[in-house]
Amino acid sequence: MLRTLCPSALALLIVLAPSTWASDIEPNLQAEMNRRSANEMIPVIAMMADRVDLADLDARLDKMNATRRARHEIVVRTLQDKANTTQPALLDELGRLANAGHVEDFRPLWITNGVLLKIDREGILTLAQNEAIEELYFGGYVLELIEPVDKPVPAPKGKFGSPSPQAPTIEPGLLDIKADFLWNLGFTGSTRLVSNIDTGVLGTHSALQRWRGNDAGVTPAEAWFDPVTNTTFPFDFSGHGSHTMGTICGSDASNITGVAYEAKYIAAGVIDRVSIPQTIADAILAFQWTADPDGNPATIDDVPDCSSNSWGISPIYHGVPHCDSTFWEVINGCESAGVAVIFAAGNEGSGSITLRTPADRITTVVDSLAIGSLQPGSTVISSFSSRGPSGCDSTTIKPEVCAQGENVRSAWNNGSFVTISGTSMACPHAAGSVTLLREVNPNLSSRRVKEILIETADDLGASGEDNTYGHGRINLQSAYNKIISELPTVSVAMVTSQYIAQQGSTHNYFITLINHSGVKQFADVKIEVRNAADALLLTLYNIPNIGIGANFNNDVNPFHLTTAVAASVPPALLNVPLKGVTKLFVPGTSTLISEAEFTFKVQ
């Protein structure tokens with residue numbers, strides 16, 4: 001076993017046979033260790049073996065029909081609890097290594113159960129013997145913008161005419177995805193929050209005044225993440241981040257550049273900052289911040305609907321393999337917490353298999369959601385737009401959807417408006433789209449809102465999904481109709497984080513009702529306990545014909561119900577999956593309106 005060898009033997013083994021270490025030290029880190037001097041500090045990500053199964057947790061929350069508020073709190077607390085209970089011994093060991101001069105810095109994470117650190121070769125070899133660590137990754141890749149393919153062209157107000165205050169200039173790419181259909185219904189983003197991870201945002205720009213940090217009671221740290229210079233007001237080093245944010249939510253009296261043009265925003269300025277190469281660690285910390293900016297899992301008003309990412313690492317020239325998984329669990333944590341994460345496909349087209357990573361990820365049909373660029377008019381792909389298939393398997397079709405990315409006019413970091421081109425400009429159209437759809441239904445999961453974008457896109461190019469356009473151009477009118485068709489008149493959520501009920505104790509759960517119809521509704525309510533085969537074991541409540549007010553929504557204060565668990569439960573019901581189920585029926589009928597359930601065990 002490797003863990004019985006002395007450090008000197010291990011060092012020799014790394015040089016001579018690095019493949020032996022594949023289970024603990026990933027190949028790129030092995031290469032860095034071999035290349036660098038023994039005392040040189042190397043950026044590393046230590047991933048713990050014991051991590052939250054987010055796929056299982058998401059499935060549970062889907063069954064519960066959990067609201068975004070409940071989903072966020074349960075996910076963040078679960079991730080934080082896992083980190084708090086499994087990391088202390090490792091952090092103690094890192095402290096000892098730091099005292100011995102082998103570790104320069106370390107920062108524990110909760111968004112995924114891991115630690116960011118700068119550590120020398122001997123320290124790495126020591127950690128490789130720690131069975132609590134699953135793998136050690138190199139954390140020193142330089143993150144890079146997906147740079148525009150042309151230089152910014154000044155585009156003064158009134159570029160498409162001389163608008164009056166009553167008729168602001170509207171960027172045509174917004175109309176091409178039918179954002180105006182939702183605006184005309186009153187969905188402008190005014191109740192929503194957006195974010196990007198980019199070069200920053202010029203918070204003084206006329207079109208970018210709705211920074212959440214301007215709100216009373218909101219601290220700058222909840223609305224602006226700057227780990228480079230620790231500023232307290234958003235600024236933009238290059239202009240790129242202001243441009244992408246302007247396409248998500250920009251507007252002033254004379255211009256509408258943003259899809260969700262009345263949304264507020266927060267931002268993380270970590271890409272291409274100053275002259276300091278930005279590493280994977282910066283982006284990981286930005287995702288963690290985005291998932292819970294105010295540090296309070298019980299609040300949701302600080303959590304953005306989207307995270308727009310117009311950056312990536314190119315397998316073509318950055319020396320990273322296709323399908324690099326470094327970001328995957330971080331993105332999963334952010335999305336499970338309620339933030340839909342979206343990536344630009346890349347500007348390395350028109351050849352095949354040219355997507356950047358993590359845009360090339362294919363773990364699900366929407367992860368990662370990669371956005372291609374269309375020419376003005378939004379019917380023809382841009383020549384530079386990266387094409388599929390994904391380099392993960394050289395088969396799965398990419399990108400997912402497209403929007404205008406060529407000749408897009410938006411905000412710049414000198415207070416002006418400029419026109420530039422790139423998939424970086426297409427990506428924020430998708431982020432703004434997610435935001436408007438969540439104004440229609442705030443409780444769409446990150447996965448579902450992205451699925452709807454795919455399912456309702458306008459097919460372009462060859463019939464069906466293809467490696468140029470993906471599923472086609474975003475269509476917000478069709479997406480809206482899809483959401484409305486899936487909404488019940490009244491929805492019910494039944495949420496618990498108490499998956500084990502002890503005999504002789506009480507079991508706690510929470511019920512949320514939301515009336516989506518705009519008029520008073522009535523329903524028969526049944527709350528039951530069933531077995532895994534759905535056989536009824538116990539009826540807890542059977543309430544006929546309850547009235548649910550026209551605008552009723554108790555998401556902030558759900559009904560807290562408790563059920564007494566018998567002191568002696570039949571052995572056949574112990575330690576087996578049971579279900580708590582809530583169903584709403586049309587009064588006096590068996591017609592189901594909505595249902596939710598959770599799985600638990602009695603011990």
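Here is a short chat between a student and a tutor about a predicted model.

Student: Let's start with strand E12. Is it mostly covered or mostly open, and how many of its six residues are buried?

Tutor: Strand E12 covers residues 264-269. A residue counts as buried when its relative accessible area is under 20%. By that cut-off strand E12 is mostly covered, and the number of buried residues is five.

Student: Which residue in E12 is the bridge partner of Asp-198?

Tutor: Look at strand E8, residues 193-198, which runs parallel to E12 and is joined to it by six bridges. Asp-198 sits at the end of that residue range. Its bridge partner in E12 is Gly-269.

Student: And what does Phe-225 pair with in E12?

Tutor: This time go to strand E9, residues 224-225. Two bridges join E9 to E12, and these strands run parallel. The bridge partner of Phe-225 is Ala-268.

Student: Now the other sheet, E21-E27-E26-E23-E24. Which strands are its edges?

Tutor: Strands of a sheet pair through backbone hydrogen bonds, either parallel or antiparallel. Here five strands form an open sheet, with mixed pairing. An edge strand pairs on one side only, and that picks out E21 (500-501) and E24 (536-548).

Student: In that sheet, which residue of E26 is the bridge partner of Val-529?

Tutor: Strand E23 takes in residues 521-531, and strand E26 takes in residues 578-585. The two pair in the antiparallel sense over eight bridges. In E26, the partner of Val-529 is Gly-580.

Student: On to the core. Which helix gives the most residues to the largest nonpolar core?

Tutor: That core has 152 residues, and Leu-136, Phe-287, Phe-327 and Leu-476 touch the most other members. The biggest giver, with nine residues, is a helix spanning 280-291, namely H10.

Student: Leu-136 came up there. Leaving aside neighbours within four places in sequence, which residues is Leu-136 in contact with?

Tutor: Contact here means heavy atoms within 4.5 Å. With those sequence neighbours left aside, the contacts of Leu-136 are Asp-24, Ile-25, Glu-26, Leu-29, Val-44, Ile-45, Ala-46, Ile-124, Leu-127 and Ala-128.

Student: What about empty space: what is the volume of the largest cavity?

Tutor: Rolling a probe the size of a water molecule over the atoms shows where empty space is left. Searching the whole structure turns up three cavities of 30 Å³ or more. The largest cavity has a volume of about 60 Å³.

Student: How many residues lining the largest cavity are charged?

Tutor: The lining includes Arg-51, Lys-82 and Glu-329, along with residues such as Trp-110 and Asn-113. By class there are five nonpolar and two polar residues, and the charged ones number three.

Note on methods
Residues numbered from 1 in each chain as written. Predicted model: local features only at pLDDT ≥ 70, side-chain atom pairs only at ≥ 80, totals over all residues. Heavy atoms only, no water. Buried < 20%, exposed > 50% of the residue type's maximum accessible area, 1.4 Å probe, protein only. Helix = DSSP H or I, 4+ residues; strand = E, 2+ residues; numbered from the N terminus. Pairing = 2+ DSSP bridges. 1 Å grid on protein atoms, 1.4 Å probe; cavity = no way out; pocket = protein on both sides within 12 Å on 5 of 7 lines; lining within 4 Å. Points joined across faces, edges and corners; volume = space filled by probe spheres on them. Nonpolar A, V, L, I, M, F, W, Y, C, P; charged D, E, K, R; others polar. Core = buried A, V, L, I, M, F, W, Y, C linked by side-chain atoms within 4.5 Å.
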